[in-house]
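Please open the model in your viewer and keep the selection panel at hand, since each stop below begins with something to select.

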Amino acid sequence: LLVLLVAFHRWRPALLLFGTIVVGVLVTLNLMALGGLSLNLLTLAGLAMGLGLMVGNGIVVLESIEARRNAVAGARHVLQPVVAATLTTVIVFAPFLYLQGELRAYYVPFAATVGIALLVSLITASTLIPALHTRVAAPGLESALPGPGSRWTLPGAARLPRPGRLRGWPHGALTARDPYR
């Protein structure tokens, strides 16, 4: 968190990126557990490598959002390069799947951990950061959610319940600023 504070010079974007890193690491650890991967030296090294690239993806998306002053436009602007860079790095670890014997037992969990962490970082950078940016980092910016009458509004959407308006609605805290207020 301190490194992010030094890099951003403001606490809100640093806190936002730190929160998405925590979410990304927790999701990665859960997916590793579902895949039957244990925590050992090589999987932790893969997690550390994935964590570094997770920070990189997050910083790229966050800086683009702040430069464009719009969460959707900023995230959309850098989505293709972030996807290309992330998938290129994931593909670099594909030859590990062809290892045989004892090396396979060591390095396939490493490659799988890096791949999982990178794909999770891609998802968090392209969805979670833009959604939380308008709520946490810069509440005055344009919303990440489309408003009524925009080209993203579905026919009959006015009859649908709005996020955060229903009692017990789970996404009320995670959606961007409500454009219907």
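Begin at the N-terminal end of α3, where Asn-40 acts as a cap, one of its side-chain oxygens lying 3.1 Å from the backbone nitrogen of Leu-42. A polar contact here is a pair of N or O atoms within 3.5 Å, one able to donate a hydrogen and the other to accept it, and residues adjacent in sequence count only if both atoms are side-chain atoms. Helices are DSSP runs of H or I with at least four residues, numbered from the N terminus. This is a predicted model, in which local features need pLDDT of at least 70 and side-chain atom pairs pLDDT 80 or more, while totals for chains, interfaces and linings use all residues. Residues are numbered from 1 along each chain as its sequence is written, and side-chain values use heavy atoms, with hydrogens and water left out.

Next, select the whole of α3: its 28 residues should span 40 Å at 1.5 Å a residue, and its end C-alpha atoms are 41 Å apart, which agrees; the expected span is 1.5 Å times one less than the number of residues. Among its buried residues are Leu-47, Met-54, Val-61, Leu-62 and Glu-66, where buried means under 20% relative accessible area with a 1.4 Å probe, protein chains only. Just beyond the helix, Arg-69 takes a positive phi of about 60 degrees.

Now select Val-61 and display its surroundings: beyond its neighbours within four places in sequence, Val-61 is in contact (heavy atoms within 4.5 Å) with Ala-75, Val-78, Val-82, Ala-125, Ile-129 and Pro-130.

Widen the selection to the largest nonpolar core, which has 18 residues, with Leu-4, Phe-8, Leu-17, Val-61, Leu-62 and Ile-129 having the most contacts inside it. Such a core is a set of buried Ala, Val, Leu, Ile, Met, Phe, Trp, Tyr and Cys residues joined through side-chain atoms within 4.5 Å. The helices α1, α2, α3, α4 and α5 each supply at least two of its residues, and the largest share, five residues, comes from α2. Apart from this core lies another, of five residues, among them Phe-93, Phe-110, Val-114 and Leu-118.

Finish with the aromatic rings, of which a search of the whole structure finds four pairs, counted when ring centres lie within 6.5 Å. Select Phe-93 and Phe-110: their centres are 5.7 Å apart and their planes at 75 degrees, so the pair is edge-to-face (over 60 degrees; under 30 would be stacked, the rest tilted). Phe-93 sits in the loop between α4 and α5, and Phe-110 in helix α5, 17 residues apart. Adding Phe-96 and Tyr-107 shows the cluster that ring pairs form with Phe-93 and Phe-110.

Definitions and conventions: Buried means under 20% relative accessible area, exposed over 50%, partly exposed in between (1.4 Å probe, protein chains only). Rings of Phe, Tyr and Trp (its six-membered ring) pair if their centres lie within 6.5 Å; planes under 30 degrees apart count as stacked, over 60 as edge-to-face and the rest as tilted.
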